[in-house]
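User: Hi! I'm new to reading protein models, so could you walk me through this one with some questions and answers?

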Amino acid sequence: QTVCCLAKDGAWQVRRSAIDTLAKMAPRGHSGSLAAVRYSLEDARAEVRLAALHALSALAQVGNRQVINALGFLLQDKAEAVRECAVHVLAQVAGDGNTYAVAIARNLLLSSRAEVKITGLKALAEAAPRGDDEAVSAARELLRDRDQKVRLKALKVLSLIASEGDSGVMNAALACLKQASVDEVREEALAALVQLAPANDERAINAAAFLLEEESPSMRNAAAQ
């Protein structure tokens, strides 16, 4: 009880230490400790929010909806370190194929902030089972995003969550190969195509063969590999 009270101390160093202590001492699922940790997720200091996230991974029971919902807000945090940590904690707390966690990640893809879309894609890769049609559809929409980093991450995530031979994703990757003007995007599109293509798939083979004639050394190297 005393340690939980210290989580609201006026000094952020004390608040962080209190959360660290709860993570080490409290049993998993302890309601009072979890309440103190969830409160600290909204702390003004990123250091305290990070400590609270680490504590959640130690204290929260798998599938806890209150915790998953709280993590959804941290996935939009202004601090990159907090967002990255929230992705990993979400994967631990949600468990495999948690539809609620997948829905939260999908919702982030609608953000106007590129960094939140990227975080949402990372969360989707952690939470969505391969072949989840709604997750794949949501990620595929971002292949048209105006931000190059978002498009790159969408290609990478699609290679992880789409089913082998997914024609929609493979066609989208082929379109990126033909239309993208940046080699990095085209290389990621080729990697996604190779990852998803069944053995001896003519589309993947023809795309790689075509790229062997490219002027760009990096594209020829990617195709050769």
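User: Are lysine 117 and aspartate 145 buried or exposed?

Analyst: Before we start, keep in mind that this is a predicted model. To count as buried, a residue needs under 20% relative accessible area. Lysine 117 and aspartate 145 both end up in that class: buried.

User: How far apart are the closest N and O atoms of lysine 117 and aspartate 145?

Analyst: These two side chains form a salt bridge. Lysine 117 sits in helix H8, while aspartate 145 is in the loop between helix H9 and H10, so the pair ties together parts that are 28 residues apart in sequence. Their closest N and O atoms are separated by 2.6 Å.

User: What about arginine 151: which side chain of opposite charge is nearest to it?

Analyst: Arginine 151 belongs to helix H10, which covers residues 148-161. It's buried yet has no salt bridge. A salt bridge needs the N and O atoms within 4 Å, and the nearest side chain of opposite charge is 5.9 Å away; that one is aspartate 145.

User: Then which backbone oxygen does the side chain of arginine 151 reach?

Analyst: Arginine 151 touches several residues beyond four places away in sequence, among them Leu142, Val185 and Asp145. Its side chain comes to 2.8 Å from a backbone oxygen, and that oxygen belongs to aspartate 145.

User: How many salt bridges does the whole structure have?

Analyst: We've already met lysine 117 with aspartate 145. Another one links glutamate 141 and arginine 144, with the closest N and O atoms 2.9 Å apart. There, glutamate 141 is partly exposed at 46% relative accessibility, and arginine 144 is exposed at 65%. A search of the whole structure gives a total of eight.

User: Which residue does aspartate 43 pair with in a salt bridge?

Analyst: Aspartate 43 lies in the loop between H3 and H4, and its partner is in helix H2, so the pair ties together parts that are 28 residues apart in sequence. Both members of the pair are buried. The N to O distance is 2.6 Å, and the partner is arginine 15.

User: Is alanine 44 buried or exposed?

Analyst: Alanine 44 is in the loop between helix H3 (31-40) and helix H4 (46-59). In space, its C-alpha is 8.8 Å from that of tryptophan 12, although the two are 32 residues apart in sequence. The cut-off for this class is over 50%, and alanine 44 has a relative accessible area of 69%, so it's exposed.

User: How many disulfides are there?

Analyst: Two cysteine sulfur atoms have to be within 2.5 Å to count. For cysteine 5, the nearest cysteine sulfur is that of cysteine 4, 7.0 Å away. For cysteine 85, the nearest is also that of cysteine 4, at 20 Å. The total for the structure is zero.

User: And is cysteine 85 buried or exposed?

Analyst: For cysteine 5, the relative accessible area is 49%, so that residue is partly exposed. Cysteine 85 comes out at 10% relative accessibility, so it counts as buried.

User: Zooming out, how many helices does the chain have?

Analyst: From the N terminus on, every element in the run is an α. The chain has zero strands, and its helices number 14.

User: Last one: what percentage of the residues count as buried?

Analyst: The C-alpha trace spans about 70 × 30 × 30 Å along its principal axes, and the accessible surface is about 11,500 Å². Of the chain's 225 residues, the buried share is 47%.

Key: Residues are numbered from 1 along each chain as its sequence is written. This is a predicted model: local features need pLDDT of at least 70, side-chain atom pairs count only at pLDDT 80 or more; totals for chains, interfaces and linings use all residues. Side-chain values use heavy atoms; hydrogens and water are left out. Helices (H or I, at least four residues) and strands (E, at least two) are DSSP runs, numbered from the N terminus. Buried means under 20% relative accessible area, exposed over 50%, partly exposed in between (1.4 Å probe, protein chains only). Lys and Arg count as positive and Asp and Glu as negative; His and the chain ends are not counted. A polar contact is a pair of N or O atoms within 3.5 Å; within protein, one must be able to donate a hydrogen and the other to accept it, and residues adjacent in sequence count only if both atoms are side-chain atoms. Contact means heavy atoms within 4.5 Å. Accessible areas come from the Shrake-Rupley method with a 1.4 Å probe; for residues, only the protein chains shown count as cover.
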